Amino acid sequence: MAISPRESGKYISKLSKNVQICNSKISDLSEKILEELVAGKISPGGFSSHPCHPAATEAALNWILLVDTLNFCFWSHNGAHWEVQWKGETYTGYFALCAAVNRAVETGVDATDPKVYSQWSLKDLEHILRGDNGIQLMLLEERLQCVQEVGKKLLDKYKGNFVNCVKQCEGSAQSLLKLIVTEFPCFRDEADYNGERVSFYKRAQILVGDVWSCFEGKGLGVFNDIDSLTMFADYRVPQVLVYFGVLEYSKGLNKKLNEGDFLPNGSVEEVEIRGCSIEAVERLKTKVDEQIKDSGKHLHCNSVLIDHFLWSYRRSCRAELDKIPFHKTICIYY
């Protein structure tokens, strides 16, 4: 049995040879995060304010489940961006996925219904996820397996509605996380590291976090233990942590990334990047909490919100961040 993402981050960071956390830079970044919190720029409400995201209704839960089932590997071998146009805007990456699902729904495809997507063929999925610039996503066959797996389990056990999974967990983020990684194996993001089975659960945690954010922690989005989730260990947030100096890579790892080498999923270097990212954000959260207490302000911060900030920072400062190589791993987990 794998240890939790938080325990995994702590364990990996203690043994890591290729990635180190620079504690002296944590204070600098935590101050920036505190400024954003004070200004009201970091909050769960940021989710539904994006035009590609749904309003907080029961139907939104099935939309979120489908999107996060497909939410991985948006980059391409040659650096070209997959683009989807929707309502006069052109989107890339994750938001292109959101736009593609919305586009399908608007053209009459009941894309968020497991009765529908559990029966998709590869040709159906290719059409749903077609790029308006001729670029197609990688891992289409794996994506099809994921949606079929999730759809069939929902139909067999949860009356075809993700809301039943959420309600069964009675306001516990950890219960919902356990349900997701148990019932839907394509979310079971684990690896072996130095004799220990570790976990990251990027897509599973982001699924729980998206439910919380969509409902702003109310109604179906109430999770009394939401602060127990870690950051979502992907390939972009570590890039931002390197930019801020919080993560430092060894010369050998830097050389590989600069030369565009691929890191296999489960490889030592990939596991260390993801594990150290989790632990770095946990330390950031602790520091921000200390600063909030010292300030006397009534603010709330957790790793989900810090992840939102770092991920959004990469998108808003893309030109600056693109100078820093990110690790490339072809897998279904992020």
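# Close-up views of the predicted model

**Figure 1. Asn194 is exposed, at a relative accessible area of 58%.** Exposed here means over 50% relative accessible area, buried under 20%, and partly exposed in between, computed with a 1.4 Å probe on protein chains only. The structure is a predicted model, in which local features need pLDDT of at least 70 and side-chain atom pairs count only at pLDDT 80 or more, whereas totals for chains, interfaces and linings use all residues. Residues are numbered from 1 along each chain as its sequence is written, and side-chain values use heavy atoms, with hydrogens and water left out. Asn194 occupies the loop between β4 (190-193) and β5 (196-199). Helices (H or I, at least four residues) and strands (E, at least two) are DSSP runs, numbered from the N terminus. Although Asn194 is not a glycine, its phi is positive, at about 50 degrees.

**Figure 2. Leu139 is a non-glycine residue with a positive phi of about 60 degrees.** Leu139 belongs to the loop that runs between α6 (122-128) and α7. With a relative accessible area of 18%, Leu139 counts as buried.

**Figure 3. Arg274 of helix α13 (residues 268-295) is the centre of this view.** Its relative accessible area is 0%, so Arg274 counts as buried. When neighbours within four places in sequence are left aside, Arg274 is in contact (heavy atoms within 4.5 Å) with Asp189, Phe200, Lys202, Ala233, Asn265, His327, Tyr333 and Tyr334.

**Figure 4. Gln205 is shown in its place in helix α10.** This residue is buried, with 1% relative accessibility. Residues up to four places away in sequence not being counted, Gln205 touches Pro5, Leu177, Phe200, Leu229, Thr230, Met231 and Phe232. Phe200 thus appears in the contact list of Gln205 and also in that of Arg274.

**Figure 5. Helix α9 (residues 173-183) is shown with its buried residues and their cover.** The buried residues of α9 are Ala173, Leu176, Leu177, Leu179, Ile180, Val181 and Glu183. Their cover includes α7 (140-157), α8 (162-168) and α10 (202-214). Leu177 of this set is one of the residues touched by Gln205.

**Figure 6. Gln168 lies in helix α8.** Apart from neighbours within four places in sequence, Gln168 is in contact with Tyr158 and Leu179. Gln168 and Tyr158 are separated by ten residues in sequence and by 9.7 Å in space, C-alpha to C-alpha. Leu179 is among the buried residues of α9.

**Figure 7. Tyr235 and Tyr334 form a tilted aromatic pair.** Rings of Phe, Tyr and Trp (its six-membered ring) pair if their centres lie within 6.5 Å; planes under 30 degrees apart count as stacked, over 60 as edge-to-face and the rest as tilted. By this rule the count comes to 14 aromatic pairs. In the pair shown, the ring centres of Tyr235 and Tyr334 are 6.1 Å apart and the planes stand at 45 degrees. Tyr235 sits in the loop between α10 and α11 (237-243) and Tyr334 in the segment after α15 (318-321), so the pair ties together parts that are 99 residues apart in sequence. Both Tyr235 and Tyr334 are buried. Tyr334 is also one of the contacts of Arg274.

**Figure 8. Tyr243, Phe244, Phe309 and Tyr313 are linked into a cluster by ring pairs.**

**Figure 9. Gly252 is placed in helix α12 (residues 251-258).** Gly252 has 41% relative accessibility and therefore counts as partly exposed. Its C-alpha atom is separated by 44 Å from that of Gly88, and the two glycines are 164 residues apart along the chain.

**Figure 10. The whole chain, with 15 helices and six strands, gives the context of the close-ups.** The C-alpha trace spans about 55 × 45 × 45 Å along its principal axes. For 334 residues, a compact globule would have a radius of gyration near 20 Å, and the 19 Å of the chain agrees with this. The radius is taken over C-alpha atoms, and the globule rule is 2.2 Å times the number of residues to the power 0.38. Of the 334 residues, 56% count as buried. Among contacts between residues at least 6 apart in sequence, 76% join residues at least 24 apart. About 14200 Å² of the chain is exposed, and carbon and sulfur atoms supply 49% of this area, which comes from the Shrake-Rupley method with a 1.4 Å probe, only the protein chains shown counting as cover for residues.
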